[in-house]
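Welcome! Have a look at the protein below and turn it around for a while, then read on for a guided tour of its sheets and helices.

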Amino acid sequence: MSALNGTPPVFGRYAPASHVLIHVSDPHFLAGGAALGGRYDVERTFARTLEAIRAVHPAPAAIVITGDLADLGEPDAYRRLRAAIEPVAAELGAPVVWVAGNHDERPALREALLDGEPTEEPVTGVWDIDGLRLVALDTSVPGWHHGDLDPAQLAWLADVLAEPAPHGTILAMHHPPLPSHLPLFDILELRHQDELAAVIRGTDVRGILAGHLHYSAHGLFAGVPVSVASATCYTMNVARPAAEVNGMDAAQAFQLVHVRPETLTHTVVPVVDAPTDDYFSEEWIARMAALAPEERLEVFSRKTPQGPA
C-alpha cells in the first residue's frame, strides 16, 4: 500500500484488487499448547504466520483458514487457536472464515469457534464480502480422514449458487478436488468430485481455496482454478521421491489472494526470517508515482548499455 493518500498507485494495465484475502491452512493446534508429534511447535509457527499477515496487507477482506484447525479436535485446541487469531483479525478488521478438515471434530469446532450447538452437522457458511461471495464447504467425514460431499451439501451449494454474486464466488474447502503426485493423498482424496463439478460448472464460481496437502499446489477443476495453501504447522518435503516424502519443520507459508474483475492471483508468502534487501521501499514507489509513464519506463525498464566483454 502506498503512502500516497492510502491508495496504491497504478503503474500497469490492472487496477488495484477489489478484494484481498488471506488464505491460511492446517494449523493443527493441540490442547495445552502441546507440540505436534512431539516435535512441531505449531503455536510458535502460527504466531510467526500472524506476524507476517499483519505485515503484508493492512486491511484484508477476510482471513480464510481451510481446515485441520486442531489436530485431535480437542476443545482447548480450538479455544487456543481462537485466542491467537481473533485479536489480529479484529486489528485488521477482517472476518475469520473457519473451514473444517479431516482432523477436526465438528461438535467441538462448532461450540468453541462458532459459539454454536455441538452437533455433527456439516460446518458450512456463506459470507457476502462487499459483493464477493465466499462459501465454506465441509469435506470432513466423521470418523475418517478422506473427504466427501454428500447429496444434501451439494444440493445446498447448488441453491446458494443459483443467483450470481456481483464479484463472483470463491469456495473454501479442506480436501482439494485435485490429484496429488504423492500416493498417500490418493487414499485420502475428496470423493464425489464429478457431482461437485456438475454443481459448479456454469456458475459464477471463480476459484477454490483448499488445504490438506501441506504443500502449495495449483490446478483446474471443472474449469475453475484451485489453489492449495501450504500448512502453518509443518510442510511436506516434496524435494524427495514421491514415496519418501515426509514432514519437515520448514517452508511454512500462507497465501495472498488478490481478486480483480479479470482474474484471481495467489501469492505464496513464506513465513521465514531471512536477510532481505532494501532497494524497493515506499519512497521508491513515491518517486515512480511522481513520474509520467514514459519516464518510469526510461528510469526502470531501459537496460544500461554494456561495453565489450
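Which strands does helix 2 lie across? Helix 2, residues 75-92, lies across strand 2 and strand 3. With strand 3, helix 2 makes an angle of about 150°. Keep in mind as you read that this is a predicted model.

**Domains**

Let us begin with the overall plan. The domain assignment gives domain 1 as residues 19-270 and domain 2 as residues 278-308. Between the C-alpha centres of domain 1 and domain 2 there are 39 Å.

**The sheet of 5 strands**

One open sheet has 5 strands in the order 3-2-1-12-13, and its pairing is mixed. Strand 3 (96-99) and strand 13 (264-270) stand at the edges; each has a single partner strand, so one side of each has no neighbour in the sheet. From one strand to the next, the twist averages 20°.

Now look at one pair inside this sheet. Strand 1 (residues 19-24) and strand 2 (residues 62-66) run parallel and are joined by 4 bridges. As an example of a bridge, Leu21 has Ala62 of strand 2 as its partner. Helix 1, residues 42-56, packs on the sheet and touches strand 1, strand 12 (253-259) and strand 13. The direction of helix 1 makes about 30° with that of strand 12.

**The sheet of 6 strands**

Another open sheet has 6 strands, ordered 4-5-6-7-9-8, again with mixed pairing. Here strand 4 and strand 8 (217-221) stand at the edges, each with a single partner strand, so one side of each is left without a neighbour in the sheet. The twist averages 20° from one strand to the next.

Strand 4 (residues 125-129) and strand 5 (residues 132-136) are a good pair to trace by eye. They run antiparallel, with 5 bridges joining them. Ile129 has Leu132 of strand 5 as its bridge partner. The two strands form a hairpin with 2 residues between them, and Asp130 in this hairpin takes a positive phi near 50°.

Elsewhere in the sheet, strand 7 (residues 205-210) and strand 9 (residues 224-228) run parallel, joined by 3 bridges. In this pair, Ile208 stands opposite Val226 of strand 9.

Which helices meet this sheet? Helix 4 lies across strand 4, strand 5 and strand 6 (169-172), and runs at about 175° to strand 5. Helix 6 packs on the sheet too, touching strand 6, strand 7, strand 8 and strand 9. The direction of helix 6 makes about 70° with that of strand 8.

**Helices that pack together**

Two packed helices are described by the angle between their axes and the distance between the axes. The table lists three such pairs.

| Helix pair | Angle | Distance between axes |
|---|---|---|
| Helix 1 and helix 2 | about 5° | 11 Å |
| Helix 2 and helix 3 | about 40° | 9 Å |
| Helix 4 and helix 6 | about 15° | 9 Å |

Start with helix 1 and helix 2, whose angle is about 5°. Because of that angle, helix 1 is roughly parallel to helix 2. Helix 1 brings Glu43, Phe46, Leu50, Ile53 and Arg54 to the contact, while helix 2 brings Arg80, Leu81, Ala84, Ile85, Val88, Glu91 and Leu92. Sorted by class, these residues are 8 nonpolar, no polar and 4 charged.

Next come helix 2 and helix 3 (residues 106-113), at about 40°. This angle makes helix 2 oblique to helix 3, and their crossing is right-handed. Pro75, Tyr78, Arg79 and Arg82 of helix 2 meet Ala108, Leu109, Ala112 and Leu113 of helix 3. The contact of helix 2 with helix 3 has 6 nonpolar, no polar and 2 charged residues.

Finally, turn to helix 4 (residues 151-160) and helix 6 (residues 193-200), which pack at about 15°. Why do they count as roughly parallel to each other? Angles under 35 degrees count as roughly parallel, and helix 4 and helix 6 are therefore described in that way. The crossing of helix 4 and helix 6 is right-handed. Leu154, Leu157 and Ala158 of helix 4 make the contact with Glu195, Leu196, Val199 and Ile200 of helix 6. Among the residues of this contact there are 6 nonpolar, no polar and 1 charged.

Notes:
Residues numbered from 1 in each chain as written. Predicted model: local features only at pLDDT ≥ 70, side-chain atom pairs only at ≥ 80, totals over all residues. Heavy atoms only, no water. Pairing = 2+ DSSP bridges. Axes fitted to C-alpha atoms, helices over the stretch in contact; angles between N-to-C directions. Contact = heavy atoms within 4.5 Å. Parallel < 35°, antiparallel > 145°, perpendicular 65-115°, else oblique. Left-handed = near helix turned anticlockwise from the far one by under 90°. Nonpolar A, V, L, I, M, F, W, Y, C, P; charged D, E, K, R; others polar. Domains from an automatic or database assignment.
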